[in-house]
Amino acid sequence: MRLFMFTFFLVAVSTAMLMRLELFAPGAQFMDGDTFNQAFTLHGVIMIFLFIIPGIPAIFGNIVMPLMIGAKDVSFPRLNWFTFWLYIVGCIIALTSLFNFTGEGLDFNFADTGWTFYAPYSLNTGTNVITTLVAAFVLGMASILTGLNFLVTIHRLRAPGMDFFKMPLFVWGIYATAWIQLLATPVVGITLVLAILEKYFGIGIFDPAKGGDPVLFQHLFWIYSHPAVYLMILPAFGIMSEIIPVFSRREIFGYRTIALSSASIAGIGYIVWGHHLFTSGMSDIAKTIFSFLTFFVAIPTGIKFYDWIATMYKGKIILKSPMLWALGTIITFAIGGLTGVTIAMIGADIHLQDTYYSVAHFHYAILGGVVFLLFAGLHYWFPLVTGKMYNEGTAKIAFYLNFIGINLLWFPMFIAGYYGMPRRYFDYLPEFEIYHQISGVGAVVIFVGLTVMFLNLIAGWRNGEESGLNPWHATTLEWHCPTSPPPLENHSKVPYVDFKPYEYHHGEPVVKFDYETMKRID
Amino acid sequence: MGHEYVPEIATSRDGKEYEVQGWQGDFYGGKLGFWLFMLTEVMMFGAMFLTLTYYFTLHHADFINASASLNRYLGGFNTVVLLISALTMGLGLLKMRSGDVKGAKLMIWATILLAIVFLGVKAVEWTAEYNHGVFLGLDALQSGNAHSKAFGEILFFGMYFTMTGLHGFHIIIGIGLMIWLIKRINANKVTPGHHILHWNIALYWDLVHLIWVFVFPYFYMIGAGDVTGGVTHGH
């Protein structure tokens with residue numbers, strides 16, 4: 001699974017690299033405008049639907065979450081298997097939509113609508129939009145069923161004694177995410193079906209020339225896709241909440257507030273979608289309300305950030321690579337999050353909508369938030385899953401390359417966007433050249449950083465040293481396994497949970513188990 | 001499933017023993033999962049009803065005119081058929097729980113029969129509409145030609161065929177599920193002591209008829225007054 005995902009990730013990164021290359025100098029070099037449109041659509045569709053949305057839940061949710069709550073498996077293992085194949089089918093459909101089978105020979109004919117498929121353009125373009133929509137629908141189905149599976153698992157299969165406020169915070173993140181997957185995805189699913197029918201039969205639902213309303217498409221699309229942003233970030237925040245206490249050797253500050261802020265982000269996330277439509281022609285009252293509501297998301301997010309920082313205060317901070325990634329994310333996501341607040345204001349958004357400013361905001365939040373934390377989790381749980389350890393020094397170098405790269409790549413875009421560089425253009429005025437060139441250099445740095453990181457992890461997996469059972473001195477249940485990697489049915493015996501997830505005393509974990517009987521021996 | 005599964009025991013520090021809930025044979029987990037799945041169906045149809053409501057306010061008169069041309073007798077008959085089928089399905093579940101496997105199977109067959117009747121009536125309706133030139137992809141439902149209907153009517157019929165089509169698709173899936181259920185009962189995999197599958201399929205069938213209970217008035221009944229619907233039009 002993760003193999004597939006990271007393959008797609010690399011494909012999408014490469015497409016982005018190609019776009020950056022094209023944008024290095026003004027004018028068309030080796031890509032015309034149509035190809036560029038298809039390239040950013042390909043990049044968006046793969047990154048969003050094939051990598052980021054399924055990424056953390058499918059990789060860590062499946063492997064780590066049952067271990068964390070002391071379950072032998074998820075509630076419906078066969079359904080889980082089924083969603084895996086749905087995902088593969090979705091990927092195959094998405095890839096076939098790349099190619100045009102109707103014309104003479106084979107040429108690339110991917111959708112050129114952007115990943116949002118806005119009507120009416122998506123209904124009129126001649127590219128393979130229908131296949132792409134079907135792929136997104138199938139992937140959505142996989143996402144719904146995974147969410148359903150996790151919800152039932154978390155409700156039913158927690159170890160005896162573990163109530164909701166004794167769950168590790170990553171499980172809270174997954175739990176909030178699962179509700180979004182369950183309730184929001186069907187809406188976009190049916191919207192995509194309507195768009196397909198519309199394109200095929202010309203009903204006119206979203207086509208103003210036939211009496212329909214294209215803004216309705218945007219509403220229906222963002223009712224899902226804005227919560228989907230939180231669907232991406234919440235499990236990532238969960239990873240952060242695991243890593244910070246472990247590498248500060250301190251109990252997490254404000255456990256309940258972090259847990260409940262995940263839930264409230266999921267809740268508030270449903271009622272803010274309208275801020276994507278400030279320039280689409282909504283009424284002023286609706287705009288004002290959506291803008292007002294949007295600010296509320298910043299509150300639980302801010303609570304989380306303060307809690308994390310308060311956890312580190314007077315902690316015994318150990319700067320291993322997972323912690324580095326987490327700390328880097330605090331910076332990059334803070335930039336991404338705060339610039340989000342500026343474009344939640346209607347006035348500023350009218351100016352910045354569809355510029356590089358929003359592109360930079362989005363990538364700081366998603367690359368600097370979700371993907372960075374995904375990598376943090378990857379380094380954190382690597383010894384758990386493989387039983388081996390990667391080279392710590394190389395891992396740190398990879399982090400610094402990525403961290404420098406992301407800032408070089410995206411920060412100039414804030415400025416370019418502020419001065420009016422529109423997104424999704426394959427050409428630009430000469431005065432923007434300098435920003436694009438700095439970005440281009442940043443892209444190369446990130447690319448190198450990613451390569452180093454993946455090579456390091458692969459090398460660690462193949463012939464790394466034995467990691468031991470609990471290399472990070474972590475406290476949560478997934479580390480209390482008799483072997484590393486864990487045995488086939490997770491815990492040999494299910495423990496009784498009468499402790500909080502992050503109990504440290506003088507920098508050492510409090511709870512200890514006899515791994516034969518899983519009874520506490522501290 | 002779950003016949004030889006022995007639940008594990010977790011022991012707390014003071015020696016108390018607690019039964020561990022496994023994923024095997026988790027009746028309530030199975031029920032919860034299916035209820036959640038039903039919730040996704042509600043969201044899906046909910047989005048379509050939202051679209052429908054929105055266009056009803058935009059094209060009020062067109063919707064009422066279009067609705068008036070639907071056959072309310074066939075639609076009403078189908079509503080009754082589906083309501084009875086929900087009854088037989090529920091009775092089947094009651095019989096299964098009280099241990100009357102044979103009676104339960106009979107009731108499931110009755111439900112399948114009623115579902116087929118429903119689809120048959122639906123086919124008659126769609127054929128009649130097709131013969132009147134009203135169907136997805138036909139000229140009347142495309143704009144910009146001599147046969148085109150008004151915008152609102154095109155939208156109405158587009159949504160009508162989409163939603164009743166999707167509903168019919170759910171009926172077909174339901175028939176498949178019920179036939180599968182009967183096979184499982186025959187193979188002794190679904191028994192009065194272990195009938196989660198029966199329970200969930202009954203739940204599914206309830207939702208399918210419930211959706212129709214909303215589809216029917218929204219498409220068939222809004223034009224039930226006279227041809228103009230007896231209202232003053234905003235548009």
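In this predicted model, A:D163 pairs up with A:K166 in a salt bridge, with 3.6 Å between the closest N and O atoms. Neither partner is tucked away: A:D163 has 37% relative accessibility and so counts as partly exposed, and A:K166, at a relative accessible area of 21%, is partly exposed too. The 21% puts A:K166 in that class because buried means under 20%. Across all chains, the structure holds ten salt bridges, and a couple of others deserve a look.

One of them joins A:D354 and A:R423, whose side chains meet at 2.6 Å, N to O. This pair ties together distant parts of the chain, 69 residues apart. A:D354 sits in the loop between α11 (346-352) and α12 (356-386) of chain A, while A:R423 comes from the loop between α13 (392-418) and α14 (433-463) of chain A. As for solvent, A:D354 is partly exposed with a relative accessible area of 35%, and A:R423 is partly exposed at 29%.

Then there is a contact between chains. The side chains of B:R13 and A:D498 form a salt bridge at 3.8 Å, N to O. Here the pair crosses from the loop between β1 (9-11) and β2 (17-19) of chain B, home to B:R13, over to A:D498 in the loop between β4 (465-466) and β5 (504-505) of chain A. With 30% relative accessibility, A:D498 counts as partly exposed. The story doesn't stop at two residues, either: A:R520 joins A:D498 and B:R13 in a network of salt bridges.

Terms used: Residues are numbered from 1 along each chain as its sequence is written. Chains are lettered from A and ligands numbered from 1 in the order in which they are written. This is a predicted model: local features need pLDDT of at least 70, side-chain atom pairs count only at pLDDT 80 or more; totals for chains, interfaces and linings use all residues. Side-chain values use heavy atoms; hydrogens and water are left out. A salt bridge is a side-chain nitrogen of Lys or Arg within 4 Å of a carboxyl oxygen of Asp or Glu. Buried means under 20% relative accessible area, exposed over 50%, partly exposed in between (1.4 Å probe, protein chains only). Helices (H or I, at least four residues) and strands (E, at least two) are DSSP runs, numbered from the N terminus.
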